[in-house]
Amino acid sequence: MLISESVWRALTEAGVALVPTGADRAEMRYGKARATLTVIASPTPLTPSAVAASISRHPNPCLVIVPAATVAVRQAIAAAGWSWLVDTGQKVTGVLCLDGERVVLRPPVETTKRSATRGRVPWGTFTLVRRLIQHPYVTQQELAAIVGISQPRVSQALASLAGRDLVHRTSRGWIVRDVDEAIRWWLSTYPGPGGISTHWFGLEPVVEQARTVVEAFAATADATHVVVSGDVAADIIAPWHAPTRAILYAHTGLELAAAGFVPAGEEEATLELIVPRDPGLWPPSGKTPPGIPLVDPLQILWDVKRSPGPDSDEAAQRVWDVLRREHHGRRCAA
């Protein structure tokens, strides 16, 4: 197949609609932008000369899908105004050129590692979308208070989001136009929490590991804020599968060897502890329940989607469904 399941899933999650118009052509839509592209899928990497030959044979814009691409190959494709995707079978990256709109697809984990060198991240905008999903019909003044940014910055962010048809203002305040579309945009655009991650291995069930770390933080002198995400949080709000890894966010790190953990590589880890840059993933003040405190719901969804579990997609869909139901419930009650 020219369009693999992984490419289809990546396009869907990025908010790109694909409609086949032939055996090797497809119309792609992103917002108001759309373009019909010839799909060129190669099972092996291409050379710059092979790209040049393809360009000479195809007068119309194309989408090139390869398992790997050098910088020179990507530049040659981009120079022709074409689109490209690298599909490794596990991750999909690339750039789509659709009617003047440039859509970038990148794996969240890789983006997180690079975010510190890519300039300032608009954390306020990402937090604003989080809060609009949780609090429909709010004014700019209220958003400034719950997001923690100035009213001029709120106004600027709302204008940008409204330009993408993600939010609009009503007589009762601002709301997201479509909660599913807002979540898709957030997931495809969010660069990850940033910051520093440490990975640990423990022998206890993953839920107990998370509880142990929460208690360890509670016993510290400053009792720093810590919240739980990923599989453990998803199992609390939308049970689906047995958690395979605990993910926790904290304001500061903590040496966990005394709590029975040993440092581990990312693949072997049963627990990931992150000190993030993103200020918006913390639940609003006073909203942290007793027991196992949970991170912001959108962060749970993002972390579940990058979970190594075999049924992470199903678990993520359960969390997504909860977000949708809660949003519509608040919207009806407002």
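Helices here are DSSP runs of H or I with at least four residues, strands are runs of E with at least two, and both are numbered from the N terminus. One thing to keep in mind from the start: this is a predicted model.

**Around W240**

With that numbering in hand, W240 can be placed in the loop between α10 (230–237) and β12. Is W240 buried or exposed? Neither label quite fits: its relative accessible area is 39%, and since buried means under 20% and exposed over 50%, W240 counts as partly exposed. Leaving aside residues up to four places away in sequence, W240 touches D235, D311, E314, A315 and R318. Further along the chain sits A316, 76 residues away from W240, yet the C-alpha atoms of the two are separated by 9.3 Å.

Helix α10 itself has some buried residues, namely G230, D231, V232, A233 and A234. What covers them? The cover includes the helices α9 (206–218), α11 (297–305) and α12 (312–333), along with the strands β11 and β12.

**The five-strand sheet**

Strands β11 and β12 turn up again in an open sheet of five strands, ordered β11-β12-β14-β10-β13, where the pairing is mixed. Strands β11 (226–229) and β13 stand at the edges with a single partner strand each, so one side of each has no neighbour in the sheet. Further in, β12 (residues 246–250) pairs with β14 (residues 271–275) in the parallel sense, over four bridges. Within that pair, Y249 of the one strand stands opposite I274 in β14.

Back at the edge, strand β13 (residues 262–263) is home to V262. Because its relative accessibility is 43%, V262 counts as partly exposed. Together with F201 and L203, V262 makes a nonpolar surface patch of about 310 Å².

**A covered strand, β4**

Now for another part of the chain. Strand β4 (residues 62–66) is mostly covered, with five of its five residues buried. In a regular strand, side chains alternate between the two faces of the sheet. Which residues of β4 lie on which side? C62, V64 and V66 are on one side, L63 and I65 are on the other, and both faces are covered.

Strand β4 also has partners. It runs parallel to strand β3 (residues 33–41), joined by four bridges, and A41 has I65 as its bridge partner in β4. With strand β5 (residues 83–87), β4 again pairs in the parallel sense over four bridges. There the bridge partner of I65 is L85, so to speak the next stop after A41. Add helix α3 (residues 71–79), and β4, α3 and β5 make a right-handed β-α-β unit.

**Two aspartates with positive phi**

Two loop residues are worth a look for their backbone angles. D99 has a positive phi although it is not a glycine, and D165 is likewise a residue other than glycine with a positive value. Here they are with their loops:

| Residue | Phi | Loop | Relative accessible area |
|---|---|---|---|
| D99 | about 55 degrees | between β6 (92–98) and β7 (101–105) | 58% |
| D165 | near 60 degrees | between α7 (151–163) and β8 (167–170) | 35% |

Which label does each get? D99 is exposed because its 58% is over the 50% mark, whereas D165, at 35%, counts as partly exposed.

Technical notes. Residues are numbered from 1 along each chain as its sequence is written. This is a predicted model: local features need pLDDT of at least 70, side-chain atom pairs count only at pLDDT 80 or more; totals for chains, interfaces and linings use all residues. Side-chain values use heavy atoms; hydrogens and water are left out. Buried means under 20% relative accessible area, exposed over 50%, partly exposed in between (1.4 Å probe, protein chains only). Two strands pair if DSSP finds at least two bridges between them. A crossover is right-handed if, with the strands pointing away from the viewer, the path from the first strand over the helix to the second runs clockwise. Patches are made of residues with over 30% relative accessible area and no salt bridge: like charges are joined within 9 Å, nonpolar side chains (Val, Leu, Ile, Met, Phe, Trp, Tyr) within 5 Å. Accessible areas come from the Shrake-Rupley method with a 1.4 Å probe; for residues, only the protein chains shown count as cover. A salt bridge is a side-chain nitrogen of Lys or Arg within 4 Å of a carboxyl oxygen of Asp or Glu. Contact means heavy atoms within 4.5 Å.
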